[in-house]
Structure formats: structure tokens, C-alpha cells
There are 2 protein chains.
Amino acid sequence: MSFQPYRPSSTGRPVRAVLFDTFGTVVDWRTGVAREVASFAAAQGFALDAQAFADHWRALYQPAMEAIRSGQRSFTKLDTLHRENLDEALRQHGINPEQVPSEALNGLNTSWHRLPAWPDSVEGLTRIHRHFIVGPLSNGNTSLLLDMARNAGLPWDVIIGSDMTGTYKPLPQAYLRTAEFLDLEPGEVMLAAAHNSDLHAARAVGLATAFVARPTEHGPGQVADLAPEGGWDLVASSITELADLLGAGTLLAKVP
Amino acid sequence: MSFQPYRPSSTGRPVRAVLFDTFGTVVDWRTGVAREVASFAAAQGFALDAQAFADHWRALYQPAMEAIRSGQRSFTKLDTLHRENLDEALRQHGINPEQVPSEALNGLNTSWHRLPAWPDSVEGLTRIHRHFIVGPLSNGNTSLLLDMARNAGLPWDVIIGSDMTGTYKPLPQAYLRTAEFLDLEPGEVMLAAAHNSDLHAARAVGLATAFVARPTEHGPGQVADLAPEGGWDLVASSITELADLLGAGTLLAKVP
């Protein structure tokens with residue numbers, strides 16, 4: 001019997017590609033960044049709370065993209081925004097970035113290229129990949145997502161970075177241009193994300209949606225995105241559970 | 001001992017990514033297209049020489065792209081050019097494409113998405129992928145290259161289709177924009193191709209080069225590209241031999 005691709009009633013179409021938000025959904029940015037902040041601080045002789053610093057650095061992410069989404073600034077890739085935000089976060093912590101060797105700053109900036117996968121990500125993606133196209137649908141640039149995939153072993157079929165669509169989520173074109181590169185209708189693409197706002201934007205332009213709960217993305221005190229806040233097509237607590245819901249058997253099962 | 005990436009004297013830089021021309025270099029377009037032409041002809045009741053038809057269809061490829069390279073026509077993706085060229089090739093063979101069901105034509109057009117790999121391609125790419133970024137550097141569009149990879153089992157890390165660079169080889173921007181998406185210098189990228197003209201264009205903009213001989217790409221009577229015609233950095237008779245030359249051991253060897 002051949003595999004029947006999942007067809008949500010919201011779109012009425014079979015899903016051909018399952019695309020994933022990455023930061024928070026597939027990889028644990030807070031742990032990964034904090035680990036490298038701690039090494040950086042030790043090497044440079046700074047007293048820094050590594051997790052708080054990771055949170056502050058991440059907090060500058062949306063405002064930096066907003067300048068681009070609003071048209072105030074021309075498209076600038078995420079590596080560059082991260083680097084600018086690193087300087088700003090250091091200043092907030094009383095460190096003048098001009099006093100720090102640029103190789104150390106550039107090295108720390110690429111910590112976003114080396115984020116660890118959540119424990120279920122590689123197995124879940126490997127299973128989903130057997131039956132569906134899998135890829136990121138992330139605000140990361142291509143080289144960042146490529147390094148992340150090679151470092152964490154993520155089995156993407158294709159990487160369409162935000163530098164390829166030339167825009168940032170949650171603007172409609174981020175989702176629609178990605179579907180266009182895949183030559184798929186929006187309803188043939190499912191976004192899987194840990195963030196309700198991302199799913200709302202994807203659904204508004206016709207994508208299928210899956211919520212993957214990541215209740216410790218922001219650490220033990222997380223208050224947002226603990227539960228689905230919309231009638232998403234699928235709701236899972238891990239990417240392996242999402243694979244189950246999509247009918248993408250276990251790794252031991254024979255590929256049909 | 002850690003792996004030392006190959007550093008050609010032509011560029012003086014370590015190679016980080018080995019990118020491949022696809023049609024002819026990684027996959028055998030003539031066999032793959034002819035096979036589907038034969039099925040199409042049988043189903044539609046046409047008397048067609050399938051290999052000659054494949055050659056005629058392919059012969060319209062460069063002229064179609066030339067209209068775009070010269071600026072006469074705005075960028076149009078290869079699937080669309082292939083579809084237009086299919087109509088033209090049918091007319092050359094005395095068949096009016098308007099008399100053929102469009103599903104049959106569209107189905108045949110996607111034969112380019114299902115081309116078989118040469119026997120050494122998957123093993124060679126798998127070995128090279130352990131130590132280098134691997135991807136296509138092809139005039140194919142992203143969805144074509146993605147389908148080809150899934151069908152033939154090509155282990156690409158990343159797919160940068162010509163619809164992402166918005167241009168066609170051998171124009172310089174095809175090579176340079178690809179390197180830019182990878183955040184690499186041109187000299188950190190190697191093009192592997194069975195076509196001397198492609199390698200000349202890549203070298204002119206600073207890429208490292210490898211010639212992979214495919215003496216039967218055009219069938220038994222092939223006259224062009226039988227041998228390297230330039231001082232390419234590497235010359236191989238297969239992608240597995242290219243893996244050897246790059247120092248990317250056998251599949252049995254332990255990954256360092």
C-alpha cells in the first residue's frame with residue numbers, strides 16, 4: 001500500500017513539504033548560545049551571566065528585523081543583524097565591544113551556526129523526510145542554516161534562507177516565495193513551529209500548520225507559547241510525535 | 001589527525017564547498033529523457049526515435065537560455081524553457097503539440113526531474129559530503145534539482161537553483177551569487193563539471209575547478225569534452241575518483 005500524504009481539512013490538499021521554524025523549534029538556541037557566551041566570557045575575562053546574556057541578545061532579534069520588515073532599512077542578512085545586536089548586548093552589559101578582539105566577537109556571532117538540536121529533532125526529521133520534502137522556513141540566512149544542519153545533522157532536503165526570499169517572517173512573502181521556489185501551492189506546504197504568531201501568519205497565506213510545543217525554549221520561566229493558540233492542523237510535543245501524526249512510521253519500519 | 005581540506009595552487013585557499021554541474025556531470029540526462037520519451041511515444045501512438053528526440057530537445061537548451069543571458073528576455077525558469085522546447089522539438093518531429101493532452105506533455109517535461117545518477121555519483125558525493133559542503137551549481141531551478149535529488153538519492157547539503165541566483169551559467173553572477181549565498185570566497189568553492197566551457201567560466205571568476213570526464217553523455221558518438229581542455233586543478237574519470245583526489249576516503253573508513 002502506498003503512503004497517503006496527510007491532507008488537512010483546512011487546506012483540502014495533500015501536504016508535500018513540511019518546513020520548520022528553526023530557532024526554538026528544531027534547535028535550542030538558548031542553551032547553545034549561553035554555552036558559547038560562557039566560553040567567550042572566560043576567555044576574555046568578563047563576568048557575564050551567560051543565560052541572561054543569551055536572552056538579551058535574542059531580545060534584540062525582532063526589533064532588528066522589524067526595521068527591515070517596515071521598509072526602514074534594506075534587506076540585511078541575519079548574521080549581520082546578530083553581529084550588530086551582539087555589540088548592543090555587550091554595551092547593555094557594560095562591555096565596550098571596541099575593546100574586544102573582532103575575531104572573538106565574530107567567533108561568538110557564529111554560535112548561532114552551531115546550535116544543538118532538541119533531542120527528538122534528528123530522528124523526527126529523518127522520519128518525515130522519507131515521505132515529505134523537509135526544510136527550514138526560518139529567518140536565518142542560507143549559510144547559517146547550512147552550517148547548523150551540518151553541525152547538528154539535520155537531514156534537510158533543501159534550504160531556502162531568508163536571503164533567498166529577501167524578506168523576514170511573518171511577512172507573507174517569506175512563506176509565499178518559499179512555496180514558489182518549491183513549485184508548490186501554499187496549501188501543499190506545512191509550517192511546523194513552536195510559535196503561535198508564526199503559525200498565524202502562515203495560515204493567513206494558506207499554509208497548513210503544526211504546533212510543536214517547546215516549553216523550555218526560553219528557560220524554566222517561559223510564559224509564552226506553552227500551548228497552541230489557534231486551531232492548528234496538528235499539535236505535537238516533539239518532532240517525533242509530529243512524524244507519528246503525519247503517518248511517517250518509525251526508523252525501524254521499512255520504507256514503502 | 002584532522003582532515004586537511006584540499007588547497008589548489010590556482011587559488012591558494014582551502015576548498016570548503018564542492019559544487020557540481022548536474023546535467024551530464026552527476027546525472028545521465030540522455031538515457032533518462034530517452035526512456036521517458038519512449039514511454040510517451042508508446043502511450044500516444046507516435047513513432048519517435050527516443051534518443052534522437054532527447055538530443056533534439058537538449059539542443060534547444062542553450063539557445064533558450066541565451067535569450068535570457070543576452071537580456072532579450074527576463075529570467076524564466078528552466079522548467080518553463082524545457083516545456084517550450086518540448087513543443088518545438090515535437091514540431092521538428094512532425095507532431096503538433098496542441099494535439100497532445102497537456103498532462104502528457106507536462107508529465108514528459110518533468111522527466112528532467114527524474115534523471116538517473118551515473119553509477120559513481122551517489123557514492124562519490126556521499127564521500128565528498130563528509131568533508132566538504134556539496135551542492136549543485138546547475139542551470140536547473142530549485143524544484144527540479146530537489147526532485148532530482150530525492151529521486152536519485154543525491155546527498156546535497158544545499159540546493160541553490162538558478163531561480164535563486166536569477167541568472168544562467170556561464171554568466172559570472174551564476175557562480176558568484178552562489179558563493180555569496182554560501183558566504184564563501186569564490187576561491188573556497190570548487191566547480192566540478194564534465195564541460196570545459198563551464199570550468200573556463202568558473203575559473204575566470206576565481207573558482208577552483210575539477211573536470212569529471214563523461215565521454216558518453218551524448219551517446220557513443222560524442223565528440224566534445226572527451227578530455228580536459230584547460231589546466232584544471234583536478235581531473236577525474238568519475239566522482240568517486242574525484243573523492244579520492246580530494247582525500248575523502250572510502251565509505252568504509254571512519255569519519256575523522
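1. Starting with burial in chain A: 48% of its 256 residues count as buried. Keep in mind that this is a predicted model.

2. On overall shape, the C-alpha trace of chain A covers about 65 × 40 × 30 Å along its principal axes. Its secondary structure adds up to eleven helices and five strands. The radius of gyration of chain A is 19 Å and the globule rule gives 18 Å for 256 residues, so the chain is as compact as a globular protein of that length.

3. Contacts in chain A reach well along the sequence: taking those with a separation of 6 or more, 65% are between residues 24 or more positions apart.

4. Now the place where the two chains meet. Chain A and chain B put 14 residues each into the contact. On the chain B side, helix H7 (142-152) and helix H8 (162-165) each provide at least two residues. H7(B) has the largest share there, with five residues. Sorted by class, that side of chain B holds eight nonpolar, four charged and two polar residues.

5. Chain B also has an open sheet of five strands, paired in parallel and ordered E2-E1-E3-E4-E5. Strand E2 (133-136) and strand E5 (234-236) of chain B sit at the edges, each pairing on one side only. On average, neighbouring strands in this sheet are turned by 20° against each other, direction ignored.

6. A closer look at one pair in that sheet: strand E1 (residues 17-20) and strand E3 (residues 189-193) of chain B run parallel and are joined by four bridges. Which residue of E3(B) stands opposite B:Val18? That would be B:Met190.

Key:
Residues are numbered from 1 along each chain as its sequence is written. Chains are lettered from A and ligands numbered from 1 in the order in which they are written. This is a predicted model: local features need pLDDT of at least 70, side-chain atom pairs count only at pLDDT 80 or more; totals for chains, interfaces and linings use all residues. The radius of gyration is taken over C-alpha atoms; the globule rule is 2.2 Å times the number of residues to the power 0.38. A residue is buried if 20 or more other C-beta atoms lie within 10 Å of its own, exposed if 12 or fewer, and partly exposed in between; C-beta atoms are placed from the backbone. Two residues are in contact if their C-beta atoms, placed from the backbone, lie within 7 Å. Ala, Val, Leu, Ile, Met, Phe, Trp, Tyr, Cys and Pro count as nonpolar, Asp, Glu, Lys and Arg as charged, and the others, Gly among them, as polar. Two strands pair if DSSP finds at least two bridges between them. Axes are lines fitted to C-alpha atoms, for helices over the stretch in contact, and angles run from 0 to 180 degrees between N-to-C directions.
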